[in-house]
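Hello,

Here is the structure I promised to pass on to you. Have a look at it first, and then read on for what turned up when I went through it.

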Amino acid sequence: MSTTGFNSQNGAGGGQTYANGPSQNPVALQQPPGVGYMVHPAPYNPMQAKAPMPPGPGLYHPGPYQPVPPANSYQPVPPVSSYQAPPGQNLLTRPPMGGPPPHTPPQSASPSPGPRMPPAQATPPPPAVSSNSYYPNPQQQPAAPAWQYGTVPPPMGAPAPMSAPPRGPMANHVNPAPSSPAPPQSSAAFSSVPPGPVSHNATQPLVPGMPPTSLHGYTQPGTAPPPMNPMAPNTYQPGRAPYGPPPTGLPPTGPPPTMKPTPPPTGPPMGNATPPPPKADGPVAGNGPQAPNSYNHVDNKMAGPPQPGPPGRHLGHYPSLPPGYQNTSAPPSAGAPPMHPAMQTATQPYTQAPQPYQQPPGGPGPAQLSPSLAALSLQSSTPEALRVVNLLQERNLLPAGPIPAPTPCLPQDLQKINCNPEVFRCTLTSIPQTQSLLNKAKLPLGLLLHPFKDLSQLPVVTSSTIVRCRSCRTYINPFVSFLDQRRWKCNLCYRVNDVPEEFMYNPVSRSYGEPHKRPEVQNATIEFIAPSEYMLRPPQPAVYLFVLDVSHNAVETGYLNVVCQSLLDNINALPGDSRTKVGFITFDSTIHFYNLQEGLSQPQMLIVSDIEDIFLPTPDSLLVNLNECKELVQDLLKSLPHLFEKTMETQSALGPALQAAFKLLSPTGGRMSVFQTQLPNLGVGALKSREDPNQRASAKDIQHLSPATDFYKKLALDCSGQQVAVDLFLLSAQYCDLASLGCISRYSAGSVYYYPSYHQQHSPSQVERFQKDLKRYLTRKIGFEAVMRIRCTKGLSIHTFHGNFFVRSTDLLSLPNVNPDAGFAVQMSIEENLLDMQVVSFQAALLYTSSKGERRIRVHTMCLPVVNSLSDIFAGADVQAVTGLLASMAVDRSVSASLSDARDAMTNAAIDSLASYRQAVLTIQQPGLLAPACLRLFPLYILALLKQIAFRTGTSTRLDDRVFAMCQLKYQPLAYVMLMIHPALYRVDDLTDEGALNISERTIPQPRIQQLSVEKLCREGAFLMDAGMVMYLWIGRNCNPNFLTQVLGVPNYTAVPQNLYVLPELDTAESQRTRAFVGWLRDQRPFYPTLHVIRDESQLKSNFVQNMIEDRTESALSYYEFLLHLQQQVSK
């Protein structure tokens, strides 16, 4: 077994600016040894010379479990304590955050306020060192490539020279990869030094707002009351000193019991006194012709003249407050940093009684903690999240229903307005103060986003002035602090900004002088209708181009009928306005265009057979206005299926068809929908079959997960530069090389839909799914020419992105189209200690053009507490978010290294976090495999990932199926990913109305979720498994006859049809309950899961049983055996 982990720390040092996630075309992965050296705390290395995972059940004896002798003993590096200044030496401090302190959960039975350290004798010696060292001190070198939650993977493409690390914006295709894949990278390259940190937008401000006017509008769709809180988030309080940077002086004499005293700085600030140099504004290298609407330089105009930074400084440092703001307020007491009165109450409960505070005009704000919250941090009982669970003894760990996201330990007023976790969530809801503390916890730090999610309630603000920080360009949000009516302090960079005159007026209450009550400061998710300075060209129209495979293979599947009929049914529901355009291209061995010009009596077909040098025959009449030419479009859709009925053309020139489509869409941008049914075999982009069906189950490692050619990636990057996104629908029974074809969607921010073995007669369930997916696809909302930027509080940095997009500059995601079903993930590291902060904030801003031609900005802001103890970090871990981020990291590792590396790294992620918990958090060592309650499902989820289609071994798995599963793990929002990883199993033959939901006059039963083990099935029952993309209804051989007749409409078990995929609509209470429950599950996701009713003899029974994650298979451990393996590794 290779000792493998995940790299993800943003260290210092040179290297090419990282772009677009590690699984780009991994064909030029060489990184020169010794690119630079790390200056951060030792990064987390989950794979320090561990014993290999047993290959399968064969190692387990039938008698009592006997541990396998380790190959080499596990010797973790001694834990690094968080740095404490020696007496007399000052630590750097930062202005405290303008919010209240987090509620810190108590550490169980430990009086020490700092992070717990393991006993001295429990610290083993450092691991043995191998000879090839990338580190200045060989004693600190990791034993092997490791999945470090602190180190950025090496950049793809040709490495940058050591002497001159790039500093400007980098495109991820500056060096096009060669078409033949390079040999796998040596293991040492994975511990190479990361690139420079991503700059968190201190350098990409937008233009200042227009002069204040009274142009105000506040619109909110729907009839529900506006999501306003009567309480002002950070109210101006006349009697309180504003938050400012802590003045120099002595530390407070009475330190609060939950915080360490932090001496203020006396020396010069470390390199962040001047803003960094502005980014280059020119077109990005290698991106082909840039569309005029490249919002890079809209977001780069600064509100003031930029000051040049010192030479040789990395991007990513923020300017500290200008000298004029350094002493904006008198400190509350001589020599002590300014602190909110409620903060003092909460943090010094022993030294003073709760002080009455002055009630602000709008009621208590979230910046005020009630004294009762102070008592919470002193309670002696252990919080539920840290309750110790022995996984080897507790079998029933699954909750009865869905697992909610953990709630951050914030004051109730702040938490009430925090961002919805379905839109924005973090793997750790308590952020560690330092990178070394994060490294000790052995948990990944990252964000998961669903930024364009359909929301039932979304405040929309129309204003000629969008208020943003003049330094870092953060949008004003509920977590800023108002120093007074005229000034507010940014919660990301702490700059003090003026409140524009126009912002003083509140359009909701129609009152003046209460800026803290405006909707922008009351809602963590808000949408602005952007003024003209957010545009570089008029907003583009909605443009839809359909590219259809019409070869013999395609016509045989019958998909063309479904596409044309679906378009006819939904043509009036396509999002758009009077400018909407549509066009059609079909292809086999030639390319067919359709002239739909107004005035023609019928569509004209124009055939281009020269696929080597593709051209547009009549450029002006191939994309037409839908409203003006609707009848011609409808005629074409009615005739298309019959045009090619008799075709015998078997070849597929997909590459030339895509080139033609790109030429057609380049002037405007838009959406390209491509339907393909076979391996492209003609012209540019032609592919050959790389799959050997005989090796599907036996291969130790999976080959061909990376693209065979860079044609599709290069074309996708050209598309992205012209604001074109490509969505790929793959309908095929044969191998299609999705690993290569998928690049066209991945780098252009499109989506991939996959329908294996699609056929109109032989797979009716796939036809139904295709129809439902198409309807959703054609009618859902869409954003064009979009860009997204994620900002976070000074000290944090983002370094790796996951999803479908192109990284245009270091932190700006280019999304030619954005849709409500797309998810994204990012990895983060802690660059500067967060010692003086009680909270940190994250903000995602999505700038897009709506289908109605409006430029809009959707902003999500999330606030989380900062903690300084390992027990608090573990208590705030979000096990589902951690699993989702690890899944994305593992996909990248599978492509850039190998599948076995990714599998080992996931196993070690579980081992390392549980070992860290055991050594550093548990005060009393007990036998067994111990986990905190909040992570009790972590080993189960890791085992589920190892058995998921994307990562499983030893089971016959089609290569395209595996690659599609990997695409889904990186692209789907977390809620849907979790069902694909760990399906939900329900018993449905005894549904009742007890505990049911009532939605729209429908009663939805709520059966409890069962463990995924065959032992939970019984022959007398019927069980529904929801695996995300597919559902299985398993009928037991002795199933209750009442269920068979009342729900399935059959007299007995043998009468259940073999290919039943629809529940019959029967007029019985049981039928209505079952259909209501299945319908409710389907309604919760944007895609349409097929339903298969199966019995013991069904072909699909094996798929159903493979999802029984807790059971042992020929090639994989049972859950209990996996726990024994983890225990053996953790207790070394």
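**The loop around S898**

S898 sits in the loop between α14 (879–896) and α15 (899–920). Please keep in mind throughout that this is a predicted model. Is S898 buried or exposed? Its relative accessible area is 14%, and because buried means under 20%, S898 counts as buried. The side chain of S898 makes a polar contact of 3.2 Å with the side chain of S900. Leaving aside neighbours within four places in sequence, S898 is in contact with D701 and R893.

That brings us to D701, which is placed in the loop between β18 (670–676) and α9 (711–721). Contacts of D701, again without the neighbours within four places in sequence, are S898, L899 and S900. D701 and S900 are 199 residues apart in sequence, yet their C-alpha atoms are 6.4 Å apart in space. Unlike S898, which is buried, D701 counts as partly exposed, with 22% relative accessibility.

**The chain as a whole**

If you are wondering how far to trust the coordinates, the protein chain averages a pLDDT of 76, and 66% of the residues score at least 70. Over residues 7–43 the pLDDT is below 50, although this stretch has 180 contacts in the model beyond near neighbours in sequence. Residues 45–52 also have a pLDDT below 50, with 53 contacts in the model beyond near neighbours in sequence.

The protein chain holds 22 helices and 35 strands. Of its 1132 residues, 63% are buried. Among the contacts with a separation of 6 or more, 81% are between residues 24 or more positions apart.

**Nonpolar cores**

The largest nonpolar core has 210 residues, and the members that touch the most others are L447, M672, F842, F951, L1033, I1035 and L1048. What does L1048 contact, leaving aside its neighbours within four places in sequence? The partners are L1033, I1035, F1043, V1056, L1060, L1063, P1064, L1066 and V1093. There is also a second, separate core of 41 residues, which includes Y559, L626, V633 and L774.

**Sheets and a helix**

Two of the partners of L1048, L1033 and I1035, fall within strand β34 (residues 1030–1035). This strand belongs to an open sheet of five strands, in the order β32-β29-β33-β34-β35, with mixed pairing. At the edges stand β32 (1009–1010) and β35 (1090–1094); each has a single partner strand, so one side of each has no neighbour in the sheet. Strands β34 and β35 run parallel and are joined by five bridges. One residue to click on is Y1032, whose bridge partner in β35 is H1092.

For an antiparallel pair, try β22 and β25, which six bridges join. In this pairing I798 stands opposite M828 in β25. Strand β22 (residues 796–802) is mostly covered, with seven of its seven residues buried.

Helix α20 (residues 1069–1083) has 15 residues and reaches 21 Å from its first C-alpha to its last, close to the 21 Å expected at 1.5 Å a residue. Buried residues in α20 are S1071, T1074, A1076, F1077, V1078, G1079, W1080, L1081 and R1082.

**A buried aspartate**

D821 is found in the loop between β24 (812–818) and β25 (824–830). With a relative accessible area of 8%, D821 is buried. Which side chain does D821 join through a polar contact of 2.6 Å? That of R776. Not counting residues up to four places away in sequence, D821 touches H450, R776, R780, Y971, Q972, P973 and P1086.

**Two backbone angles to check**

R473 has a positive phi of about 70 degrees although it is not a glycine. R473 lies in the loop between β6 (460–463) and β7 (481–484), and at 4% relative accessibility R473 counts as buried.

R510 is not a glycine either, and has a positive phi of about 55 degrees. Its place is in the loop between β10 (505–506) and β11 (511–512). R510 is exposed, with a relative accessible area of 69%, whereas R473 is buried.

Happy exploring, and best wishes!

Methods. Residues are numbered from 1 along each chain as its sequence is written. This is a predicted model: local features need pLDDT of at least 70, side-chain atom pairs count only at pLDDT 80 or more; totals for chains, interfaces and linings use all residues. Side-chain values use heavy atoms; hydrogens and water are left out. Helices (H or I, at least four residues) and strands (E, at least two) are DSSP runs, numbered from the N terminus. The expected span of a helix is 1.5 Å times one less than its number of residues. Buried means under 20% relative accessible area, exposed over 50%, partly exposed in between (1.4 Å probe, protein chains only). A polar contact is a pair of N or O atoms within 3.5 Å; within protein, one must be able to donate a hydrogen and the other to accept it, and residues adjacent in sequence count only if both atoms are side-chain atoms. Contact means heavy atoms within 4.5 Å. A nonpolar core is a set of buried Ala, Val, Leu, Ile, Met, Phe, Trp, Tyr and Cys residues joined through side-chain atoms within 4.5 Å. pLDDT is the predictor's confidence in each residue, from 0 to 100. Two strands pair if DSSP finds at least two bridges between them.
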